[in-house]
Amino acid sequence: TCLLVQNANALQTASVAEFHSNSPHAGTRNVVQIQNDNVNAVNATALNVVQDAAAHAMKITQNANDYGLEIAAGGVTSGTVFEVGSNTIEGGTLAHFYSSHDDTTARNLVKITNDDSAATGAIGLKIQQDSTTAAAIRADGGKIEFINNSLNTTATFLGITNEITKTAGDTNSSDDFFGIYNSLTYNHADQCGNVVGIYNIA
């Protein structure tokens with residue numbers, strides 16, 4: 001260990017360590033930098049935080065209009081960039097995205113973008129539900145809307161479905177789907193009706 005700070009057992013409201021800067025210089029810099037610079041050190045964790053108390057393990061307060069957290073993982077090809085795992089969750093939540101701002105500006109609270117048209121094998125969102133009774137997706141309020149600009153359609157789906165297949169013949173459609181579907185194949189042009197009910201194949 002190159003630097004060890006211990007025996008801070010008398011702390012009440014103070015900190016074990018603090019890194020503070022008030023420099024007005026606009027030069028690019030890292031106030032604190034941790035770097036593991038050897039590619040062979042495959043078992044070296046750059047930063048490990050262990051929190052034994054029922055309190056935040058890490059807290060980020062962003063007071064300016066920029067990223068609160070940015071992960072740049074240009075070297076990851078087949079691995080995972082961001083992972084949250086817990087085998088002890090009972091009444092808790094793995095992830096919570098929350099907003100209570102009353103501004104009416106159009107925005108996305110959560111956005112997933114695959115920005116390369118050549119990435120034909122990249123799925124934007126995949127959900128695997130191994131439970132036989134719990135829902136894979138649940139929307140409390142509002143509606144689920146699918147807009148496929150390549151097919152020139154503004155159809156809205158309200159309900160539960162395993163598969164929706166839309167083909168090139170579905171142009172200029174604005175159908176609304178309501179109900180529970182196992183397999184729905186829709187390939188008719190210039191439709192303007194509603195499909196309501198429970199269907200196995202439609």
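This report describes a predicted model of a protein chain, from its overall makeup to one pocket, two salt bridges and some single residues.

**Overall makeup**

The protein chain has 202 residues, and buried residues make up 6% of them. Its secondary structure consists of 5 strands and 0 helices, and reading along the sequence gives the pattern β-β-β-β-β. Among contacts in the protein chain with a separation of 6 or more, residues 24 or more positions apart account for 1%. The chain exposes about 18,300 Å², and carbon and sulfur atoms supply 49% of that area.

**The second largest pocket**

The second largest pocket has a volume of about 1,300 Å³. Its lining is formed by 23 residues. By class, these divide into 15 nonpolar, 7 polar and 1 charged. The residues nearest the centre of this pocket are I34, A46, L47, N48 and V49.

I34 belongs to the segment before β1, a strand that spans 144–145. Leaving out residues up to four places away in sequence, I34 touches A46 and L47. These two contact partners are also among the residues that lie nearest the pocket centre. From I34 to L47 the sequence separation is 13 residues, and the C-alpha to C-alpha distance is 7.6 Å.

**I112 and its contacts**

I112 also has its place in the segment before β1. Which residues does I112 touch, not counting those up to four places away in sequence? The contacts of I112 are with G124 and L125. I112 and L125 are 13 residues apart along the chain, and their C-alpha atoms are separated by 7.6 Å. With a relative accessibility of 52%, I112 counts as exposed, because the class begins over 50%.

The two C-alpha pairs described above are set out here.

| Pair | Separation in sequence | C-alpha to C-alpha distance |
|---|---|---|
| I34 and L47 | 13 residues | 7.6 Å |
| I112 and L125 | 13 residues | 7.6 Å |

**Salt bridges**

The structure holds 2 salt bridges. Side chains of opposite charge can pair when their charged atoms come close. One salt bridge joins D103 to R107, with the closest N and O atoms 3.8 Å apart. That distance falls within the 4 Å cut-off, so the pair counts as a salt bridge. D103 is partly exposed, its relative accessible area being 34%. R107 is likewise partly exposed, at 39% relative accessibility. Both values lie between the 20% and 50% limits, which means that neither residue is classed as buried or as exposed.

The other salt bridge joins D140 to R138, and here the closest N and O atoms are 2.7 Å apart. Both D140 and R138 are exposed.

**Backbone at N7**

Most residues other than glycine have a negative phi. N7 has a positive phi, near 60°. Where along the chain is the place of N7? N7 is in the segment before β1. Is N7 buried or exposed? At 65% relative accessibility, N7 is exposed.

Technical notes:
Residues are numbered from 1 along each chain as its sequence is written. This is a predicted model: local features need pLDDT of at least 70, side-chain atom pairs count only at pLDDT 80 or more; totals for chains, interfaces and linings use all residues. Side-chain values use heavy atoms; hydrogens and water are left out. On a 1 Å grid over the protein atoms alone, a cavity is a set of points where a 1.4 Å probe fits but cannot get out, and a pocket is an open set with protein on both sides within 12 Å along at least five of seven lines; lining residues have an atom within 4 Å of a point. Grid points are joined across faces, edges and corners, and a volume is the space filled by probe spheres set on the points. Ala, Val, Leu, Ile, Met, Phe, Trp, Tyr, Cys and Pro count as nonpolar, Asp, Glu, Lys and Arg as charged, and the others, Gly among them, as polar. Helices (H or I, at least four residues) and strands (E, at least two) are DSSP runs, numbered from the N terminus. Contact means heavy atoms within 4.5 Å. A salt bridge is a side-chain nitrogen of Lys or Arg within 4 Å of a carboxyl oxygen of Asp or Glu. Buried means under 20% relative accessible area, exposed over 50%, partly exposed in between (1.4 Å probe, protein chains only). Accessible areas come from the Shrake-Rupley method with a 1.4 Å probe; for residues, only the protein chains shown count as cover.
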